[in-house]
Structures are given as C-alpha cells and as structure tokens.
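Biologist: I am new to this structure. Could you take me through it step by step?

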Amino acid sequence: MALRFTTAGESHGPGLTAVVEGLPAGLSLTPEEIDRDLARRQLGHGRGGRMKIEKDRAEVTAGLRHGRTLGSPVAMQVVNLDFANWEERMSPWPVEAEIEEVHLPRPGHADLAGVQKFGFTDVRNVLERASARETAARVACGALARAYLRALGVEVRSHVLQIGTVRTTERESLSPESFEGVDDSPVRCLDPEASAAMVDEIDNARRANESLGGVFEVIAFGCVPGLGSYVSWDERLDGRLGQAIMSIQAMKGVSIGDGFAVAGKVG
C-alpha cells in the first residue's frame, strides 16, 4: 500500500485528527519523535500569537502497540487549547447563544471561493479549515514518515533561503551534518549574517503591520534511484512532490532542482 494521510479538524475546534496509512508493521516509534517536530513547527521569529497559546502534543489512538506499528492505519489527535476560548462559536453541536457570522472574506485566502462553492453565508465555515493550523496535523504525519525514511537510510533536511528582500548565498555542497544547529537560528537560516538581516526584515514589516513571504529549500539525502515512475503522469515524483507542497496554505511556487533558474540558462 502506498503511504498516504488525511487530516480533519478546524483551527479553533476541539482539535485536529490525522490518519496515516501504509506504514509497515514493526516500525519503532516514540512520542518524543512526533512531539519534537510539533515543537519545531512552533519556532521561528515573527510567528503568530497562536503559537504562544498551543503546546502541541500528538496522542496516538490507533495503529500502535508498545511503541511499534501494527501495519494498520495510525490515528493521532492534537488538541486545540484555544478551543476553550471558542467553545460556543465552534461547538460541533447547536448552542443557545446567538453566534455572529463572519461576512468579510479575506483577499488571497480560500474564503470567497469556499462560501460560493458550498453556499455558506458564514465565512468562518471556510476559514476555520483553510487555516495554517491544519499543518499541525500534517507535521504529526510527517514525523511518522520521517521515522520510516530514517529506517531506510533516508534523511530529509531543510533551511530558509530568503525572507522578504533578504536572501542568503546558496551553498553548493550540503550534507546532513551541515544542518546541525539550524533550529538555533530564529529563522532557520544556515548563514548567521543573513539570519540577522532576516530578523530585521521581519521586525520592520511587523512595525508596518505587514507580513512577508520567503523561500526555503528541502533536501533528501540517501534516496535511491527509481522512486516514482516516468510511465504515468500521476506517478512522476516531481509532480507528486509539487502537488504536495502546493497543497500547503500560502504556497505559491515549487522549484525542483535548478527549477526557475533553468530559464536563464542554455540547454
């Protein structure tokens, strides 16, 4: 079975649920492996206020026994601590209180398309799901995938190349050891000078009540040739990676290998 996952839950609802299928039986896991990545998700200079509220932990409710996978789907739950402040507005069941609807869709979000697609009058029915909070469930799934890949000798690393107008110098030769201490940077940048400039860029944007975009790089070490397949469009690895990344909220571009830089080179 191919490895796949699904998530459920709203940003301010009771919690998030994640289900991962396709893990082999006997894979060793620890709570620390999952929660470590959830904690890393909450790092970063300029993060939103929600990160100060939540203390994410994944509770495994199925598919694991005594620290080893059973070969059946693994189910996890991540509680939303902020639900305590939204209990009436986001209750799964009817409440007596009159709940004010949200009628102003946010530009650049899924709000307008969502209310038109499903016929809602309340934008909150869309924005609660089309929220960055959903990525907490994805990170829990990713922690399981990371443990599986590590057992196969594959390590995945990432770092930030650009925030706003500040861009670090790209390094040609990187190894897994190159990323030791990357989380010590408040913006996960390997270049200390660029890291400091990125922090300043974020602070300046925050004072102007603005937000910033950026670019990050993900590198997989230890992969074997032949992953995916060239024979069918929906099995091509580049295409599957691109779709997975673009499905994350706010992602607007994916570059594989030299990517967009190829446009300025001869063939």
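**Rings, helices and backbone angles**

Biologist: Is F118 buried or exposed?

Modeller: F118 has a relative accessible area of 56% in this predicted model. The cut-off for this class is over 50%. F118 is therefore exposed.

Biologist: How many aromatic pairs are there?

Modeller: Rings pair if their centres lie within 6.5 Å. By this rule the number of aromatic pairs is two.

Biologist: What kind of aromatic pair do F118 and F120 form?

Modeller: Their ring centres are 5.8 Å apart, with 35 degrees between the planes. Stacked pairs need under 30 degrees, and edge-to-face pairs need over 60. The angle here falls in neither range, so the pair is tilted.

Biologist: What is the accessibility class of F120?

Modeller: F120 has a relative accessibility of 34%. Buried needs under 20%, and exposed needs over 50%. F120 is therefore partly exposed.

Biologist: What kind of aromatic pair do F179 and F221 form?

Modeller: Their centres are 6.3 Å apart. The planes meet at 65 degrees, and the cut-off is over 60. That makes the pair edge-to-face.

Biologist: How many residues apart are F179 and F221?

Modeller: F179 sits in the loop between β8 and α6. F221 belongs to strand β9. The pair links distant parts of the chain, and the separation is 42 residues.

Biologist: Are F179 and F221 buried or exposed?

Modeller: F179 has a relative accessible area of 4%. F221 has 15%. Both values pass the cut-off of under 20%, so both rings' residues count as buried.

Biologist: Which residue lies over the face of W86?

Modeller: A charge sits over a ring if it is within 6 Å of the ring centre and within 35 degrees of the ring normal. Here the distance is 3.8 Å. The residue is R89.

Biologist: And which residue lies over the face of F118?

Modeller: The distance from the ring centre is 5.7 Å in this case. The residue is K117.

Biologist: Now the helices. How are α1 and α5 oriented to each other?

Modeller: Helix α1 (residues 31-41) packs against helix α5 (residues 135-151), with axes 9 Å apart. Their angle is about 130 degrees. That lies outside the parallel, perpendicular and antiparallel ranges, so the helices are oblique.

Biologist: What is the handedness of their crossing?

Modeller: Residues including I34 and L38 in α1 meet residues of α5, among them V139 and L144. As α1 passes α5, the crossing is right-handed.

Biologist: Which elements help cover the buried residues of α1?

Modeller: The buried residues of α1 include I34, D35 and L38. Their cover includes α2, β3, β6 and α5.

Biologist: Is I163 buried or exposed?

Modeller: I163 is in strand β7. Beyond its neighbours within four places in sequence, I163 contacts residues including V187, M198 and L212. Its relative accessible area is 12%, and the cut-off is under 20%, so I163 is buried.

Biologist: What is the phi of N209?

Modeller: N209 lies in the loop between α6 and β9. At 72% relative accessibility, N209 is exposed. Most residues other than glycine have a negative phi. N209 is not a glycine, yet its phi is positive, at about 60 degrees.

Biologist: What is the phi of A250?

Modeller: A250 is in the segment after α7. With a relative accessible area of 70%, A250 is exposed. A250 is not a glycine either, yet its phi is positive, at about 80 degrees.

How values were computed. Residues numbered from 1 in each chain as written. Predicted model: local features only at pLDDT ≥ 70, side-chain atom pairs only at ≥ 80, totals over all residues. Heavy atoms only, no water. Phe/Tyr/Trp six-rings, centres within 6.5 Å; stacked < 30°, edge-to-face > 60°. Buried < 20%, exposed > 50% of the residue type's maximum accessible area, 1.4 Å probe, protein only. Helix = DSSP H or I, 4+ residues; strand = E, 2+ residues; numbered from the N terminus. Axes fitted to C-alpha atoms, helices over the stretch in contact; angles between N-to-C directions. Parallel < 35°, antiparallel > 145°, perpendicular 65-115°, else oblique. Left-handed = near helix turned anticlockwise from the far one by under 90°. Contact = heavy atoms within 4.5 Å.
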